[in-house]
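Let's look at a structure together and ask how each label is earned. Have the sequence and the 3D view ready.

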Amino acid sequence: MTNVTAKSITKAYQTITVLDGVDVVLNEGDKVVLVGENGSGKSTLLKIMSGVIEPDRGMVTIEQYQQTSYIAQDFSGDPESSGYDFIGSGKILRRALKMLAELDFPEALLSLQTKLLSGGQKKILEVVRGFASGALFLFLDEPENHLDYFGREWLVGTIEEYRG
């Protein structure tokens with residue numbers, strides 16, 4: 001079974017330690033929710049576990065490293081690039097187009113620079129790209145931000161069905 005293991009993770013920003021000796025093991029198929037106060041290190045832990053940033057101390061072991069995807073709180077793409085550029089091509093684009101159709105997202109918007117899209121439209125692109133990646137482990141950082149009711153319902157259903 002594939003897993004992600006974080007051992008003795010410590011991370012500080014200047015003088016503020018947000019993670020101190022954290023141990024986590026995620027197994028294939030796990031669905032886990034992190035709950036905590038603002039600034040408690042939830043986003044930092046997700047970024048470390050997905051390989052976006054490095055811990056100050058500790059170690060993360062990700063079997064089949066390419067099978068992780070981090071879905072950021074805020075849009076992570078280049079505002080000058082198009083939605084197509086952000087999503088990618090090939091199999092990922094085909095999967096994403098199917099999901100976007102489920103969300104009634106107009107495909108014509110993918111040709112626009114992402115800076116012209118609303119916050120909700122950019123969030124949809126961020127979330128869809130993550131799911132379309134087919135990654136075994138998805139690290140979703142406040143994925144419901146900027147989504148309307150229909151988008152949130154779609155997100156919950158997609159998380160429930162997701163198998164990587």
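pLDDT is the predictor's confidence in each residue, from 0 to 100. This is a predicted model, where local features need pLDDT of at least 70, side-chain atom pairs count only at pLDDT 80 or more, and totals for chains, interfaces and linings use all residues. Residues are numbered from 1 along each chain as its sequence is written, and side-chain values use heavy atoms, with hydrogens and water left out.

Q: Where in the chain is confidence lowest, and where is it highest?
A: Strand β4 (residues 68-71) has the lowest mean, 90, and helix α2 (residues 83-87) the highest, 97. Helices (H or I, at least four residues) and strands (E, at least two) are DSSP runs, numbered from the N terminus.

Q: Why is the contact between D56 and K11 called a salt bridge?
A: The term asks for a side-chain nitrogen of Lys or Arg within 4 Å of a carboxyl oxygen of Asp or Glu. The closest N and O atoms of D56 and K11 are 3.5 Å apart, so the pair fits.

Q: What makes this pair a tie between separate parts?
A: D56 sits in the loop between α1 (42-49) and β3 (57-62), while K11 belongs to strand β1 (residues 3-13), so the parts joined are 45 residues apart in sequence.

Q: How do you know whether K11 is buried or exposed?
A: Buried means under 20% relative accessible area, exposed over 50%, and partly exposed in between (1.4 Å probe, protein chains only). K11 has 12%, so K11 counts as buried. D56, at 43%, counts as partly exposed.
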